[in-house]
Each structure stands twice: as C-alpha cells, then as structure tokens.
Amino acid sequence: MRNLNSRTVIAFCTFLLALVWLYLGIYEYGVWDARHRPLPGLFPAGIAAVLLAASLAGMVQSLREKPADYRRPAFEVAASLVLLVAACFTFGMLPSLLVYFVLWQVLVEKTPVRALVLSTLVVGAIVWGVFVWWLQIPFENGIIYDLIMY
Amino acid sequence: MVESLQMLAMGFSVATSVENLLAAFIGAILGILVGAMPGIGSLAGCALLLPITFKFNPVTAIIMLGAIYYSNMFGGAYSAILLNVPGDSPAIMTALDGYPLARKGRAGKALLTSNVSSFVGGVIGMVILVFLGPALARLGLKFGPSEMAALMLVAMTSVSWLVGENPVKGVIATCLGMMIATMGVDGITGNVRYDFGNIYLLGGINFIPLVIGFIGLAQVFELAENRFSVAEPIQEKFSILGGLLTRHDIRRITPPVLKSSFLGTFVGFLPGAGATTASFLGYAIQKKFGKNEEELGTGAIEGLAAAEAANNAAAAGAFGPLLSLGIPGSGTTAVLLGGLMMWGLNPGPMLFASEPEFAWGLIASLFISNLIALLVAMISIPWMAKVIRVPVGVMIPSIITICFVGAYATTNSMYGVVIMVIGGVLGYLFQKNDYPVAPLLLAYVLSSSLEINVRRALVISKGSVSIFFERPISLVLMLVFFTLILAPVIRGILSRARKQRP
Amino acid sequence: MNKICLVTAVMTALTLSVADVSAQSGGFALSRNVEFVVSSKAGGNSDMFSRTIADIITQNKWANQPIVIRNQEEGNGQVSRRNVASSKTPDESLLCLSSGDLTVMVTLGGLSIEDFRPIAIMGADKHLVLAGKDGKYKTLKDAIEAAKKGEQVTIGGTPGDELTVLNMMLEELDLVDKFDFVSLASSAETVTALLGGHIDLGMGKPAAAREYVKSGDIVALAALSTSRFSPPFDQAPTLSELGYKNVEFPLYRGIVGPKAMSDAALSYWDNTMKQVAESAAWKEYLDKVLLAADYKNAAQTLEEYRLVEKRALEAKKK
C-alpha cells in the first residue's frame with residue numbers, strides 16, 4: 001500500500017533541488033576547464049549528484065515508513081510566524097513583536113494578567129535594553145512608517 | 001621557559017591594575033550577556049563595542065575586548081542549554097546534550113558542567129599559548145590549502161558519526177548543508193553562484209539566522225505541540241547540592257575535557273578554523289571514541305563537556321597566531337586585529353619584542369577574564385536555571401520574540417528574519433521526519449572551507465591530485481581519512497567472513 | 001479595559017522609541033541624522049575608514065547632526081548600495097564605496113555609478129609584489145625568467161582588485177596567463193600562505209605586509225606604482241626601474257551619495273570632506289593604516305569612478 005506521506009515529499013523535493021543544482025553546475029558554472037583546473041560548478045554538481053542518488057533511495061525508503069503526524073499547534077505556530085514577518089514589513093518590527101507577544105498569550109495560551117504583564121515587561125526590557133539601547137540595531141520601521149514619514 | 005614565566009608575571013602586574021581589572025570584569029559580564037543572546041556572537045559583540053573602546057588606552061581596551069570574546073563562549077551555552085537556542089555557532093553542539101539534560105530536570109548540572117569545562121578548556125588553551133604559542137603558530141603556517149583540505153575531509157567523516165541510524169537521511173541532510181553553502185559568492189573566482197537573480201542571495205544564506213531557526217524555532221514548534229502533555233513546567237530540585245557535580249561526574253567529564261582542550265587549542269591556532277569547528281570536532285570525537293555512560297545526544301555530560309572545553313580552548317588558541325604573527329585565527333580575532341592597528345599597535349612577528357607589556361598583559365588578563373567569567377557564570381546559575389521553570393505558554397512567544405530580534409541583528413535587515421523563519425519550518429520538518437539536524441549545519445560550516453582549499457590546492461598542483469599525498473602533513477591526514485572511511489567497511493567484511501566460518 | 005490601556009501605552013512608547021526624527025532648519029543644514037552606510041562588517045578597513053571620517057567631522061563640528069554608521073553587508077554589500085541609491089533622505093545618506101566595491105557592484109549587475117553622486121576620494125591603496133624570505137624567487141626578474149622557461153610560478157591574491165592589477169602587470173611583462181593565480185580571501189591569508197611557503201609570490205597592500213617586511217619574513221619584490229613606497233618598502237623597485245612601463249591600479253577609498261542628493265548638499269559634503277582630508281587627524285590615520293594621501297574632490301571622483309566602471313564592464317564581457 002503506497003503511502004504518499006510527507007517523507008516521500010521531502011525526499012522528492014531534495015531530488016528536484018539536486019537536479020537544479022546539477023544542471024546549473026554543469027551548464028552555467030562549468031565543471032572543468034582546458035587548463036586542468038576545476039571550475040565553480042564542479043563541487044556543487046558533484047554534491048548534487050550524490051544527493052540525487054540519496055533522494056531516490058530516500059523516496060524508496062519512505063514508502064515503507066509511517067507518515068509523520070502533524071498536530072494543530074504546529075500549524076498555529078507556522079501561521080503566526082508568517083503573519084508576524086508580514087506584520088514586521090508593514091508595521092515595523094518592534095510594534096509587531098509587542099502586539100504578537102501580547103496577543104499570543106491572550107488568545108492561545110490564555111495566561112493570567114499578572115503573568116502577561118510581567119513577561120511583557122521582562123522580555124521588553126531585554127529586547128529594548130540589549131538590542132535597541134546598547135547595540136543600537138536599526139530595526140525595521142515598516143512600510144506604513146516610511147509612508148508617513150516621507 | 002623560565003623567561004616566559006617571567007614575562008607572564010610581568011603581564012599579571014599589568015593586568016591587575018584596577019582599571020584593567022574593571023575592564024575585564026565589565027567585559028566578562030557583557031560577553032556572557034551577548035553570548036546568551038541568539039544572533040549576537042563574539043564577532044558582533046566585539047565589533048559593535050570596538051568604536052567605544054577607541055577612547056580607552058589600548059591595553060585596557062584590548063583587555064576588555066578579550067574578556068568579551070572569552071566569556072562569550074560561556075554565555076552561548078546558556079541559551080543553548082536552557083532554551084535550545086544556541087547563542088552563537090560554537091554553542092550548537094552544546095545544545096545537543098545540554099538541552100536534553102535541562103529537560104530531564106538537571107539544568108543546574110548542565111550549566112555547571114558547561115562552565116567548568118569552559119574554564120578548564122580555557123586554562124589549558126592559555127597555558128599552551130604561553131609556552132608553545134609561537135612554535136604552534138609557525139606550525140599552523142604549514143597548513144596550506146592541501147593540508148586544510150585534508151583536515152576538512154577528516155572532519156567531514158566525523159559528520160557521519162553524528163548521523164544516527166538512518167544513513168540515507170544523513171546523506172541527504174549533509175548534501176543539503178553543502179549545497180546551501182554553495183549559494184552566494186564563490187571564494188575563488190569572485191563570481192556568484194545559485195543566486196537565482198535575487199539581490200539578497202548574492203551573499204548566500206547567513207549561517208547564524210539559519211541556525212537560530214533550524215534549532216531554536218523548530219524547538220518552539222515542539223514546545224507548542226507538547227505543551228499540553230507537559231503537565232507542569234519541569235521541576236528542578238533546586239538545591240545547591242543537586243546542581244553540584246558528584247565525584248563520579250567529575251570522573252566522567254575529565255577525559256573529554258582534557259582531550260577536547262588540546263584538540264580545541266590546536267584547531268584555534270589554525271588560520272581559518274575557529275571555535276565552531278573545534279566544538280564540533282571535540283563533540284564528534286567524544287561520540288565516536290569516548291566512553292559515554294549515556295547516549296550522546298540524550299543528555300550526556302561527556303558530550304557537553306567536550307563541546308564546551310573545545311570551544312574555549314579554541315578561543316585561546318586563536319590568540320596565538322594573532323599575537324605571535326599578526327594573523328587572525330578566526331573572525332573575531334580579525335576584528336581585534338583591526339582594533340590593534342587603530343591603536344597604533346602593529347601585530348606581527350615583532351609584537352612580543354616591541355610591546356611586551358601589551359602582549360603579556362593581554363595574555364595574563366585572559367587568565368583573569370577566564371576566572372571572572374567562571375565566577376560570574378557560576379553565581380548566576382541559580383537564577384538562570386529558574387528560566388526553565390517559566391511556563392511553556394510564556395516561553396513560546398518569548399523565544400520567538402528574542403529569536404526575531406536576534407536574527408534581525410545578524411543582518412541588520414529582515415533578510416535574517418526570513419532565513420530564520422524558513423529555517424525554522426525546515427528544522428521542524430526535519431525533526432518530524434527523523435532527518436538528523438546536526439549534519440546539515442556542520443556540513444554547511446565545513447564544506448566551503450573544504451571546497452575552497454581543494455580548488456586552491458589543485459591550482460598549485462596544476463590539477464594533479466597527488467599534491468594531497470606528497471606533502472607530509474596532508475599525507476598523514478589523508479591516511480587518517482582513508483582509515484576512517486575504510487575501517488567500518490573492513491570491519492563489516494571481516495565480521496561477515498567470521499560468520500561464514502563454521 | 002486595563003489590559004488594553006496598558007498595551008496601547010506600551011505599544012505607543014515602543015513605537016515612539018523607534019521613531020528617530022528630529023527636524024532642524026537653517027541654511028544648508030542637515031535635517032536629520034546622517035546615515036553613513038558601510039557595506040562590510042564592523043572592524044574592517046572600510047568600517048574604520050568611515051568611522052574615522054565621522055569622528056573627525058563630529059569633533060570639528062562640521063555637521064550639525066550626528067553621523068551614524070550603519071553596517072549592512074548582505075547580498076555582498078549590493079543590498080546596502082541599492083538602499084543608498086534609492087534612499088528617501090538623499091541629503092543625509094552617505095555610502096563608503098571603494099573602487100573595489102564599485103567593481104564588484106558593476107560585475108554583480110543592476111547598479112551603476114550613475115545611480116550615485118560621488119563626493120570624494122580620501123585615500124588610495126597601491127599594491128606590492130611580495131615573496132617569503134625563503135621563497136624560490138629572490139627578485140622579480142628571477143620569477144619572470146622562470147615563467148618564460150615554463151616553470152610554474154604561483155602567485156596569491158584576492159580575486160578583486162589584486163587580480164586586476166596582476167593581470168595588468170602580466171600584460172606589461174608579456175606573461176599573460178603564465179603565472180598561476182591562487183585565489184585567497186584577504187591580504188592576511190596571502191601573508192600566511194607566503195610565510196608557510198605555499199605560494200611563490202603574493203599580491204599585497206602595504207598595510208597588511210608592513211610588519212613582516214620590517215621583521216624580514218617577507219620581502220617586497222616590486223612596487224606597482226609610479227614611485228617607490230616609503231620604508232620599509234623602499235627596497236622594492238617599480239616596474240620602470242626593471243625596464244618595463246609602470247603599472248598601477250590604485251584601490252581608491254571613496255564616499256558617494258545617492259543620485260537624488262541635492263546640489264546644495266553635494267557641495268556641502270564636497271567641502272566637508274575636503275576639510276577632513278586636510279585635517280591633521282586624517283593625516284595621522286593615513287599614516288597608521290599606510291594609505292596613500294590622494295584626495296580627489298567630487299568632480300574628479302566622478303571621472304575616476306567612471307573609468308573604473310568602464311574597465312570593470314570590459315573585464316566582465318571577456
């Protein structure tokens with residue numbers, strides 16, 4: 001009974017990647033030149049060839065394996081990560097993080113208010129103290145900020 | 001030898017002035033803090049503080065920077081052990097055994113093991129530096145392209161020891177790591193590979209955000225999935241006694257610490273190999289050849305000790321080529337080199353002769369910084385270990401926030417964050433599907449060095465592979481390499497032959 | 001309700017802390033913080049260069065706004081260069097751009113010097129041909145003869161400006177493709193390789209090699225310049241002394257602003273940089289890092305950089 005599970009998909013993806021690398025390595029970057037010297041494509045193409053074989057083996061192997069089980073919390077985390085990145089681009093990094101930090105705890109974790117405030121202050125202090133004040137990292141301001149300011 | 005001791009004594013008198021002690025102390029604290037933050041390693045910490053130190057006098061400034069560099073190795077272990085987010089790349093191997101230990105309720109022991117190993121590694125590294133520094137640095141010079149390539153080959157075989165049970169998946173992970181490393185500018189020709197027309201990919205995939213995501217964010221996924229099955233946060237019996245190392249523990253970690261310290265120092269001396277490579281080799285060797293009571297990777301203090309001793313020893317070793325030859329032994333020492341030039345001190349073969357106060361003062365202060373870092377670290381263990389008791393619900397957004405900020409800091413732009421998120425999803429998929437995580441990262445670290453050196457060697461030899469076997473050092477390394485590869489094969493054949501014999 | 005008020009308050013505070021605009025007015029004055037972008041990491045040559053300039057300006061109060069150095073190295077620096085070119089605050093944006101960076105920028109594609117307004121060149125690095133003290137060749141002539149005989153001569157250097165000047169030199173010596181170029185990542189690596197005897201010759205800049213030439217571990221065989229270098233490199237002959245035409249490809253260390261920078265701002269920066277170049281503190285810096293004093297103003301820099309770009313585009317086509 002064939003199981004099209006994520007393991008097969010992963011092995012298939014690496015197979016495709018290997019093909020791309022192999023192709024570009026040989027045709028675009030070159031493998032060996034007339035003066036007996038390796039060219040930039042040699043190494044990647046070689047590795048890709050190995051990966052190609054390994055991916056095939058992996059795909060075969062995966063047919064016999066149990067599929068991995070993904071649970072809902074993982075999707076929640078993944079979705080929130082993507083949304084967070086989008087928010088950083090739009091609204092700026094620090095505000096987005098703050099909103100996320102609070103919202104996640106309120107909606108998903110349902111932490112009590114005292115813990116919420118305390119944790120926000122602590123994490124906020126670390127982020128602000130180390131990264132903003134001391135290291136002066138110029139954080140992303142977001143499209144909205146840029147639009148307003150300029 | 002006596003002369004060295006005399007000079008060292010002089011150095012101590014310089015290093016123990018109040019100003020310098022204070023600088024070392026501040027540096028130690030900053031370093032631990034910086035080390036613990038994911039995304040900021042010693043390189044960034046030193047580089048960012050460098051301009052401020054221009055106002056100080058050179059000796060004080062370099063003492064502070066040296067302290068930061070050093071104690072960074074202590075700090076990186078903290079977030080690795082407590083959160084499974086390595087503070088910087090030398091701490092990756094620390095996380096492999098440190099975090100499981102913490103999960104088992106023995107965070108205090110893990111932290112103490114890591115600190116003690118770091119300290120001993122540092123001391124051994126520095127003793128070697130004092131007495132053998134110039135000689136070892138000259139030996140390091142003998143490592144040219146073919147020797148480095150051979151060394152990298154040996155290191156690559158040790159990746160295989162970390163693969164675990166499924167070789168196919170291990171190979172896939174390793175190859176993926178190597179392919180990711182080929183993205184970006186090719187060191188030899190200066191042309192770009194595999195950038196797919198994207199301006200950001202011109203620089204390739206940054207390692208640190210990848211690591212933060214691959215290990216750290218993936219960790220968050222795991223926490224989220226298991227949050228309801230972990231009924232309460234892990235209770236740590238938090239007495240001083242519980243966290244102390246028993247005599248038995250000390251006996252367990254002594255061999256790995258000693259071995260890794262020597263190995264790490266030597267790796268630190270090699271131009272181009274630093275604390276990350278050292279910690280990885282130390283760990284891998286311990287896994288393959290060491291006596292481990294528990295399985296490495298599930299919380300064995302031997303693995304933790306090996307990794308931490310190696311990375312601190314390498315940090316000491318990196319000062320060797322810097323002080324005796326003016327050649328930076330790692331990325332961070334390259335920053336320090338820049339600083340030295342700005343202060344008018346010119347590191348080179350004559351530094352010890354022309355500025356003995358400075359050179360020996362620095363070495364002496366490294367000993368002191370090591371000690372200060374150990375004390376500061378040990379004092380903070382009880383506080384740090386409380387972190388593990390924070391409820392999972394708060395941990396998840398906290399880790400995510402700090403990871404985002406740290407990843408941003410590595411590239412000063414959202415690019416790092418994007419890499420991190422992609423790395424996180426990938427890391428999660430890897431773990432779910434039983435693909436080994438360490439080989440990908442380590443292959444990434446080693447493969448660019450391997451490729452570059454092989455190509456350079458082939459230019460020197462006009463395309464002939466014999467160069468790897470003609471020069472003495474690389475010949476020895478190649479023999480080691482072949483032995484390591486063939487040994488299991490031969491063993492397999494022999495055991496099958498034995499089975500067939502009636 | 002309390003939660004929401006608290007959240008709003010904290011959020012506002014944080015957002016305000018990120019907003020960093022302080023408007024000023026009067027004359028040609030800078031109206032906000034000046035962002036001086038460096039496309040390589042902190043602690044490196046370009047970084048030190050930029051910080052020194054910023055410090056000199058600040059100490060002499062030649063700018064009424066703080067100058068902030070920002071390191072941004074991704075995409076090989078191309079991202080930061082693009083960001084400056086399209087900066088929304090052109091009068092207060094500066095970019096540290098050496099002729100090496102310019103070559104890389106043009107080779108990678110998508111940007112040109114025409115996207116910028118060059119402001120000044122503050123110094124130049126020229127090259128030397130170096131050898132280890134126990135190396136095979138004691139003079140450049142020895143190496144030339146060996147190569148003509150067909151022996152392998154390996155020479156190390158970085159694949160950017162050092163390779164370019166090497167090729168220029170080989171053309172002049174009629175030895176095109178006769179030296180085997182070993183690509184190394186930095187001058188420090190070249191020095192290491194020479195000391196270890198792994199390569200016969202090396203291309204290098206004075207700053208990287210000074211201590212070793214002083215200690216005798218490395219010998220300078222030739223100066224790729226129109227005149228000899230100052231000690232300890234004064235023993236190295238120029239190519240013209242060896243019977244050839246001089247070859248040089250100075251690595252110019254310059255500063256540029258975005259295309260959209262106003263004329264008023266350009267002449268302000270032009271003037272300011274001139275003052276920096278003439279200051280004693282700058283001369284001290286040049287001596288420390290062995291950079292040749294080679295100040296060029298905005299107009300001259302534009303010309304010079306256009307030449308560099310042209311050469312880079314030609315090399316790319318080959």
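Here is a walk through how chain B meets chain A, and then a look at a greasy-sounding stretch of chain B's surface, a nonpolar patch. The model is predicted, so to speak of local features a pLDDT of at least 70 is needed, side-chain atom pairs count only at pLDDT 80 or more, and totals for chains, interfaces and linings use all residues. Residues are numbered from 1 along each chain as its sequence is written, chains are lettered from A and ligands numbered from 1 in the order written, and side-chain values use heavy atoms, with hydrogens and water left out.Let's start where the chains touch. In chain B, 63 residues are in contact with 64 residues of chain A, contact being heavy atoms within 4.5 Å. About 5700 Å² is buried between them, and carbon and sulfur atoms give 77% of that. (Buried area is the accessible area, with a 1.4 Å probe, that two parts lose on being put together, summed over both.) B:Met179, B:Tyr194 and B:Met414 supply 12% of what chain B buries here, more than any other three residues.

What about charges? There are 0 salt bridges between the two chains; that would take a side-chain nitrogen of Lys or Arg within 4 Å of a carboxyl oxygen of Asp or Glu.

Now turn to the surface of chain B. B:Phe469, B:Ile485 and B:Leu494 are among the residues forming a nonpolar patch with about 950 Å² of accessible area together. Patch members have over 30% relative accessible area and no salt bridge, and nonpolar side chains (Val, Leu, Ile, Met, Phe, Trp, Tyr) are joined within 5 Å, like charges within 9 Å. Accessible areas come from the Shrake-Rupley method with a 1.4 Å probe, and for residues only the protein chains shown count as cover. Helix H21 (residues 472–500) of chain B brings the largest share, 9 residues, and B:Ile485 sits in that helix. Helices here are DSSP runs (H or I, at least four residues), numbered from the N terminus.

Technical notes. Helices (H or I, at least four residues) and strands (E, at least two) are DSSP runs, numbered from the N terminus.
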